[in-house]
Structure formats: C-alpha cells, structure tokens
Amino acid sequence: RTLIARNGFHGASMGAVAREAGVATGTAYTHYASKDDLVLAAYRETKAQLAAAVMASLDESAPAGARFRDIWLATYHHLTAHPDHARFLLQVDHSPYRGPAHRAAIAGDDPLVAQAARPDIAARLLPLPLEVIYELGLSPAVRLAASGTPLTAGQLDEIAAACWRAISQPE
C-alpha cells in the first residue's frame, strides 16, 4: 500500500515490494503469484480494515441518514489516521484494478455494502448503480482524507450531509 500510495503502480514492482518488506523477490512470489494478486489482496485487506473501523462504533438502530453520517465520518477519520490507505484506495480507483478490486470487495460480505442494502437505507437511496452511490456518497471522504486538507467538525458534518443528499431521496 505504501509503495503504491507513494509511487503509483509503476513504482511498485514485486522487487520494490520485496525490498520494502525486507525479503527476497522470490519470497514475495511464494505468497502472491503476481503483482495483480498482491494488489487485490492489499485492496481487500484495506477495505476490511476500513469496514471494521467503521462498524466498530456504528449504532445500527440510528435512522438511515444519521447512520450514513456516522459511516461517512468514521471512514474519513480512519483514513485520515491511515493516509497511505486513502491514497492506495485512490490509486486503485483510478486504475485498471478498479473493476476487479470492487468486485472482490463486494463479493466478500462487505459490511458497508450490507448497510446500503438494509431496507431503511435502500428505501431512501436514489435508484443508481452501487458504484455511483459510492462515488457520490463515500468517495469524497476517501479523497479528502488522502489530500490531508484540514477541515473542522462542522465542515465535515456539512460535507457528510451533502453526500447523503446526493444519494438519497428527500423524506
């Protein structure tokens, strides 16, 4: 993640990854058959860590809009604490890995996807593809965390509310 976040995919060869990990290149290949396998594994791990952090304090009984706000803010705060993760996610989102990575994450019981499917939230979402819901809803949290732009709690609340309005039908 760190190499890709810092240097992009071209600067993260299996040899560079092995050097960063302090192992021989051949050792890296014993764990991952290819760079593609490594990137997808890192993506799944990053998404799993993000989902665990977000779900840790989520009040499942909160109304849909409040739950989205809490998910958005937890996403932002987790990725602000782990900026390489945010930059890695952005690199993946702007690469040929995007489709396979998103399919792999969705296929793996992603709790954030499960939240979008909950009846109270699903009933409020606009009839848009899940990919668009993500782009308008949570992707701004990832981008802002990756950028390191300082924001106040009030600004974060306003941005989260704007993202909810962008993906939800009015009450």
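Tutor: Let's start with a term: partly exposed means a relative accessible area between the buried limit, under 20%, and the exposed limit, over 50%. Keep in mind that this is a predicted model.

Student: Okay, is Asp84 buried, exposed or partly exposed?

Tutor: Its relative accessibility is 24%. Buried needs under 20% and exposed needs over 50%, so a value in between gets the middle label. That makes Asp84 partly exposed.

Student: Which residue forms a salt bridge with Asp84?

Tutor: Look in helix 6, residues 83-93, for a residue three apart from Asp84, which means about one helical turn away. This partner is partly exposed, with a relative accessible area of 29%. The closest N and O atoms of the pair are 2.7 Å apart. The partner is Arg87.

Student: How far apart are the closest N and O atoms of Arg69 and Asp70?

Tutor: Arg69 is partly exposed at 32%, and Asp70 is partly exposed at 28%. A salt bridge needs such atoms within 4 Å, so that is the cut-off to check. Here the distance is 3.0 Å.

Student: Which residues join Arg118 and Asp120 in one salt-bridge network?

Tutor: Arg118 and Asp120 meet in a salt bridge of their own, at 3.9 Å from N to O. Salt bridges with shared partners then bring in two further names. Those are Glu60 and Arg67.

Student: What should helix 5 span, going by its number of residues?

Tutor: Helix 5 covers residues 64-81, which is 18 residues, and each counts for 1.5 Å. The expected span uses one less than the number of residues. The end C-alpha atoms agree with the expected value, which is 26 Å.

Conventions:
Residues numbered from 1 in each chain as written. Predicted model: local features only at pLDDT ≥ 70, side-chain atom pairs only at ≥ 80, totals over all residues. Heavy atoms only, no water. Helix = DSSP H or I, 4+ residues; strand = E, 2+ residues; numbered from the N terminus. Salt bridge = Lys/Arg side-chain N within 4 Å of Asp/Glu carboxyl O. Buried < 20%, exposed > 50% of the residue type's maximum accessible area, 1.4 Å probe, protein only.
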